[in-house]
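Work through the exercises below with the sequence and the model open side by side. Try each task before reading its solution.

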Amino acid sequence: MGKVQPAAYKAMGALDAYVHDSSVDKLHKELIKIRASQINGCAYCVNYHTADAIKLGEDPKKLYLVSVWKEAPNVFDEKEQLILAMTEEITLIHQNGLTDATYEKAIDTFGQEITAQIMMIIVTINAWNRIGVGLNMHPDF
């Protein structure tokens, strides 16, 4: 992609820089990236962001449960549950999109600025997932 469409790849790089510099907690960023990548079937990104979360100190046992977070409310705190709900609702936009209830809870919990940043992280990883799956990228083991 970088060779064939360098301007597009550069734009994605700018989104990545924005995400990197956002005020959202680093582990929260990785939870977003892992969950969206699971939903989108991007093995490369699931592998990559799970490894990044472990490097940041996240317990691998917790990461095993990201795909079933609703069934593990004692494992994920209230903010993590909200972030994962936002990730699912935005990633699965064709179902209902981000509900008013989830959005209002996010504003109450994180404020407008961080909520907007969380939304952009979700949008960005969804774009990368589509590139990764579209290019048939696979994790290296």
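Methionine 86 has 0% relative accessibility, so this residue is buried (under 20% relative accessible area; exposed is over 50%, partly exposed in between, with a 1.4 Å probe and protein chains only). This is a predicted model: local features need pLDDT of at least 70, side-chain atom pairs count only at pLDDT 80 or more, and totals for chains, interfaces and linings use all residues. Residues are numbered from 1 along each chain as its sequence is written, and side-chain values use heavy atoms, with hydrogens and water left out.

**Exercise 1. Place methionine 86 and list its contacts from elsewhere in the sequence.**

Step 1. Find the element. Methionine 86 sits in helix α5, residues 78-91. Helices here are DSSP runs of H or I with at least four residues, numbered from the N terminus.

Step 2. List the partners. Contact means heavy atoms within 4.5 Å. With neighbours within four places in sequence set aside, methionine 86 contacts Leu98, Thr102, Ala106, Thr115, Ile118, Met119 and Ile122.

Step 3. Check one distance. Isoleucine 122 is 36 residues from methionine 86 along the chain, and their C-alpha atoms are 8.3 Å apart.

**Exercise 2. Describe how α2 packs against α3.**

Step 1. Get the geometry. Helix α2 covers residues 26-40 and helix α3 residues 43-55; their axes come within 9 Å and cross at roughly 160 degrees. Axes are lines fitted to C-alpha atoms, for helices over the stretch in contact, and angles run from 0 to 180 degrees between N-to-C directions.

Step 2. Name the arrangement. The α2 and α3 helices are therefore roughly antiparallel (over 145 degrees; under 35 is roughly parallel, 65 to 115 roughly perpendicular, the rest oblique).

Step 3. Give the hand. The crossing of α2 and α3 is left-handed (the near helix is turned anticlockwise from the far one by less than a right angle; clockwise is right-handed).

Step 4. Name the residues. From α2 come Leu27, Glu30, Lys33, Ile34, Ser37 and Gln38; from α3 come Cys45, Val46, His49, Thr50, Asp52 and Ala53.

Step 5. Sort them. The α2 and α3 contact has five nonpolar, four polar and three charged residues. Ala, Val, Leu, Ile, Met, Phe, Trp, Tyr, Cys and Pro count as nonpolar, Asp, Glu, Lys and Arg as charged, and the others, Gly among them, as polar.

**Exercise 3. Repeat the analysis for α2 and α5.**

Step 1. Get the geometry. The axes of α2 and α5 come within 9 Å and cross at roughly 35 degrees. The crossing of α2 and α5 is right-handed.

Step 2. Name the residues. His28, Leu31, Ile32, Arg35, Ala36, Ile39 and Asn40 contribute from α2. Lys79, Glu80, Ile83, Leu84, Thr87, Glu88 and Thr91 contribute from α5.

Step 3. Sort them. The α2 and α5 contact holds six nonpolar, four polar and four charged residues.

**Exercise 4. How many aromatic pairs are there?**

Step 1. Apply the rule. Rings of Phe, Tyr and Trp (its six-membered ring) pair if their centres lie within 6.5 Å; planes under 30 degrees apart are stacked, over 60 edge-to-face, and the rest tilted. The count is two aromatic pairs.

Step 2. Take tyrosine 9 and tryptophan 128. Their rings are 5.6 Å centre to centre with 80 degrees between the planes, an edge-to-face pair. Tyrosine 9 is in helix α1 (residues 6-21) and tryptophan 128 in helix α6 (residues 100-134), so the pair ties together parts 119 residues apart in sequence. Tyrosine 9 is partly exposed at 39% relative accessibility, whereas tryptophan 128 is buried at 15%.

Step 3. Take tyrosine 44 and tyrosine 48. Their ring centres are 6.2 Å apart and their planes lie at 15 degrees, so this pair is stacked. Tyrosine 44 and tyrosine 48 are four residues apart in helix α3, about one helical turn. Tyrosine 44 is partly exposed at 27%, and tyrosine 48 is partly exposed at 42%.

**Exercise 5. Is asparagine 129 buried or exposed?**

Step 1. Read the accessibility. Asparagine 129 lies in α6 and is buried, at 1% relative accessibility.

Step 2. List the partners. Not counting residues up to four places away in sequence, asparagine 129 touches Ala36, Ser37, Asn40, Cys42 and Cys45.

Technical notes
Helices (H or I, at least four residues) and strands (E, at least two) are DSSP runs, numbered from the N terminus.
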